[in-house]
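Here are my notes on the model, set out as numbered points so that each can be checked against the coordinates. I begin with one helix and move on to strands, cores and empty space.

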Amino acid sequence: MTVSPIDRRAIPAGASVTNWTARDGWVLRCFAWPASGAPRGSILFQGGRGDVFEKYLESFAHWQERGWTITSFDWRGQGGSGRLTDAGNCGHIDDFAHYIADFRDFVSEWMAATPPPHIIMGHSMGGHLVLRGLVEGVARPDAAVLIAPMLGLKGPFGAALGERLARFLGGVGNSARPAWKSNERPYTTTTRESLLTHDTDRYQDELFWQQANPGNVTGPPSWKWVIEAFRSTRELRTNPALKRMDVPVLALIAEHDGLVDGKAALAQVGKLPDARIVRFGKESAHEILREADKVRNRAIGEIDLFLEARARRG
């Protein structure tokens, strides 16, 4: 049994779950947990496709105990932030630019309302959107951490052919329909658990939250999400501003990640002028911060060292 200093299956005392309204009126579900005592600074943590912020309570507790104010929100169209299609729990988006618009406005308000220094962290799709936002200049934190960032999609056909196939298949009929029925990755017998983590207890935490809040469960993506994910990763990959984005970045990359392309992440983060890369081997699946203790402890330690070195108070 994994021992945790907090109850990973309960919203902590002192934390709050609220709503934030985007400029178009869409309501996003938010999490806020102020630091106890004098704040060390502020962290905005953004999860991946289909994530809910409850999955990361254990990591939030670690940083909150060290004086960081913690904030997070569920991305538009997933988790507790509603659905953009009538297709059940399908995760749909018309354009990743909608994510970036929410990110821009939320970050602006968050930085004005919380103590510096400001750190933005993103896991998986959240890592892609954080880096895209930084490259496009919609946010300027003191530092950023990318955890298993989705800087390329994993698939048997490669990025170019994969995008063409997605456009062909998704272009027939309603592109807001689910791209596949179940699992995080189609056409594979690999279990969802093994794609995400080697720690069964932490995986069960997610199932607990799904049962506790079934309305927040996000299933497979829509074809349009898949198409836009290919497009957004391609455009970021070829954006010349990538080489000029000088916000200090720490990237934790699982080289044997079964969901996102670790090689693409290594290549793109390697273009940044101020970035440190920490690699994990076969010991880590996709969810590095929810892995077995040996992996997770190393990841947390690397993040803490990075924050101490690159995100000092005024």
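1. In this predicted model, helix α1 (residues 57-65) has eight of its nine residues buried, so the helix is largely enclosed by the rest of the structure. The buried set consists of Leu57, Glu58, Ser59, Phe60, Ala61, His62, Trp63 and Gln64, and these residues pack against strands β2, β3 (41-46), β4 (68-73) and β5 as well as helices α6 (200-212) and α9 (293-310). Just after α1, Gly67 adopts a positive phi of about 100 degrees.

2. Strand β6 is likewise enclosed: five of its five residues are buried, so the rest of the structure largely surrounds it. Side chains in a regular strand alternate between the two faces of the sheet. In β6, Ala143, Val145 and Ile147 lie on one side and Ala144 and Leu146 on the other, and both faces are covered.

3. Strand β5 (residues 118-123) pairs with β6 in the parallel sense over five bridges, and β5 also pairs with β3, again in the parallel sense and over five bridges. Met121 is a useful residue to follow here, since it stands opposite Val145 in β6 and is also the bridge partner in β5 of Phe45. His123 stands opposite Ile147 in β6. Six of the six residues of β5 are buried, with His118, Ile120 and Gly122 on one face and Ile119, Met121 and His123 on the other.

4. Which backbone angles around these strands deserve a check? Most residues other than glycine have a negative phi, and most peptide bonds are trans. In the model, the peptide bond from Pro116 to Pro117 is cis, with omega near -5 degrees, and Pro117 is found in the loop between α2 and β5. Ser124, in the loop between β5 and α3, has a positive phi of about 55 degrees although it is not a glycine, and at 8% relative accessibility Ser124 counts as buried. Ala148, in the loop between β6 and α4 (159-170), also has a positive phi, near 45 degrees, and is buried with a relative accessible area of 3%.

5. In soluble globular proteins, nonpolar side chains tend to be buried together. The largest nonpolar core of this model has 54 residues, among which Phe96, Leu131 and Trp225 touch the most other members. At least two residues of this core come from each of β2 (27-33), α2 (96-113), α3 (125-135), β6 (143-147), α5 (192-196), α7 (223-237), β7 (249-254) and α8 (262-269). A second, separate core of 35 residues includes Ile6, Trp209, Phe280 and Ala299.

6. What does Trp225 touch, leaving aside its neighbours within four places in sequence? Its contacts are Arg49, Gly91, Ile93, Phe96, Tyr99, Met125 and Met150. Among these partners is Phe96, which is itself one of the residues of the largest core that touch the most other members.

7. Turning to enclosed space, the structure holds four cavities of 30 Å³ or more, and the largest cavity has a volume of about 70 Å³. Arg8, Glu54, Lys55, Tyr56, Glu58, Ser59, Arg202, Asp205, Leu289, Arg290 and Arg296 line the largest cavity, and the elements that give two or more residues to this lining are α1 and α6. By class, the lining divides into two nonpolar, one polar and eight charged residues. Glu58 and Ser59, which appear in this lining, are also among the buried residues of α1.

8. The second largest cavity has a volume of about 50 Å³. Its lining is made up of Phe45, Gly47, Gly48, Asp51, Val52, Phe53, Tyr56, Ser72, Phe73, Asp74, Trp75 and Gln78, a set with six nonpolar, four polar and two charged residues. Tyr56 belongs to this lining and to that of the largest cavity, while Phe45, also in the lining of the second largest cavity, has Met121 as its bridge partner in β5.

9. Among the open spaces, the second largest pocket holds about 180 Å³. Thr18, Asn19, Trp20, Cys30, Phe31, Ala32, Thr71, Phe106, Glu109, Trp110, Ala113 and Thr114 line this pocket. The elements that give two or more residues to the lining are β1 (16-21), β2 and α2, and α2 provides the largest share, four residues. The lining divides into seven nonpolar, four polar and one charged residue. Both β2 and α2, which contribute to this pocket, also supply at least two residues each to the largest nonpolar core.

Conventions:
Residues are numbered from 1 along each chain as its sequence is written. This is a predicted model: local features need pLDDT of at least 70, side-chain atom pairs count only at pLDDT 80 or more; totals for chains, interfaces and linings use all residues. Side-chain values use heavy atoms; hydrogens and water are left out. A nonpolar core is a set of buried Ala, Val, Leu, Ile, Met, Phe, Trp, Tyr and Cys residues joined through side-chain atoms within 4.5 Å. Buried means under 20% relative accessible area, exposed over 50%, partly exposed in between (1.4 Å probe, protein chains only). Contact means heavy atoms within 4.5 Å. On a 1 Å grid over the protein atoms alone, a cavity is a set of points where a 1.4 Å probe fits but cannot get out, and a pocket is an open set with protein on both sides within 12 Å along at least five of seven lines; lining residues have an atom within 4 Å of a point. Grid points are joined across faces, edges and corners, and a volume is the space filled by probe spheres set on the points. Ala, Val, Leu, Ile, Met, Phe, Trp, Tyr, Cys and Pro count as nonpolar, Asp, Glu, Lys and Arg as charged, and the others, Gly among them, as polar. Two strands pair if DSSP finds at least two bridges between them.
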